[in-house]
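Colleague: I have not worked with this protein before. Could you take me through the model?
Modeller: Certainly; please look at the structure as we talk.

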Amino acid sequence: MEAIRAATSRAAELLNEKGELGVVAPGAYADIIAVSGDPVKNVKELANVKFVMKGGSVFKNEMAK
């Protein structure tokens with residue numbers, strides 16, 4: 001979980017973008033990935049991304065199947 005936080009919310013803090021980056025919230029930048037399993041239990045889940053949203057646009061969606 002610390003590795004995921006380091007790449008998201010903690011990185012936003014370092015960039016003085018807390019609340020706009022690294023969160024899923026209204027008004028925040030919408031860069032999101034989703035996986036089928038729990039990456040905290042098995043980090044290899046991050047190698048099989050099923051959903052990608054960048055700037056509010058969906059680029060990949062294998063979750064809706």
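Modeller: A point of terminology comes before the elements: helices and strands here are DSSP runs, numbered from the N terminus. Please also note that this is a predicted model.

Colleague: What is the average pLDDT of the protein?
Modeller: The protein averages a pLDDT of 84, and 97% of the residues score at least 70.

Colleague: And which elements have the lowest and the highest mean pLDDT?
Modeller: Helix 2 has the lowest mean, at 78, whereas strand 3 has the highest, at 91.

Colleague: Let us turn to pockets. What volume does the largest pocket have?
Modeller: Its volume is about 420 Å³.

Colleague: Which elements each supply at least two residues of its lining?
Modeller: Helix 1 (2–7), helix 2 (9–14) and strand 1 (32–34) each do so.

Colleague: How many residues line the largest pocket, and which lie nearest its centre?
Modeller: The lining has 15 residues, and Thr8, Gly22, Val23, Asp31 and Ile32 are those nearest the centre.

Colleague: How many of the lining residues are nonpolar, polar and charged?
Modeller: Eleven are nonpolar, two are polar and two are charged.

Colleague: Moving on, in which sense do strand 2 and strand 3 pair?
Modeller: Strand 2 (residues 51–54) and strand 3 (residues 57–61) are antiparallel, with four bridges in the pairing. Within this pair, Val52 of strand 2 stands opposite Lys60 in strand 3.

Colleague: What do strand 2 and strand 3 form, and how many residues lie between them?
Modeller: They form a hairpin with two residues between the strands. In the turn, Gly55 has a positive phi of about 60 degrees.

Colleague: Which residue has a positive phi although it is not a glycine?
Modeller: That is Asn16, with a phi of about 55 degrees. Asn16 belongs to the loop between helix 2 and strand 1.

Colleague: Is Asn16 buried or exposed?
Modeller: Asn16 is exposed, because its relative accessible area is 71% and the cut-off for exposed is over 50%.

Colleague: One last residue: where does Val40 lie?
Modeller: Val40 is in the loop between strand 1 and strand 2. Its relative accessibility is 46%, so Val40 counts as partly exposed.

Colleague: Which residues does Val40 touch, not counting those up to four places away in sequence?
Modeller: Val40 touches Met1 and Ile4.

Colleague: And how many residues separate Val40 from Arg5 in sequence?
Modeller: They are 35 residues apart in sequence and 11 Å apart in space, C-alpha to C-alpha.

Methods. Residues are numbered from 1 along each chain as its sequence is written. This is a predicted model: local features need pLDDT of at least 70, side-chain atom pairs count only at pLDDT 80 or more; totals for chains, interfaces and linings use all residues. Side-chain values use heavy atoms; hydrogens and water are left out. On a 1 Å grid over the protein atoms alone, a cavity is a set of points where a 1.4 Å probe fits but cannot get out, and a pocket is an open set with protein on both sides within 12 Å along at least five of seven lines; lining residues have an atom within 4 Å of a point. Grid points are joined across faces, edges and corners, and a volume is the space filled by probe spheres set on the points. Ala, Val, Leu, Ile, Met, Phe, Trp, Tyr, Cys and Pro count as nonpolar, Asp, Glu, Lys and Arg as charged, and the others, Gly among them, as polar. Two strands pair if DSSP finds at least two bridges between them. Buried means under 20% relative accessible area, exposed over 50%, partly exposed in between (1.4 Å probe, protein chains only). Contact means heavy atoms within 4.5 Å. pLDDT is the predictor's confidence in each residue, from 0 to 100.
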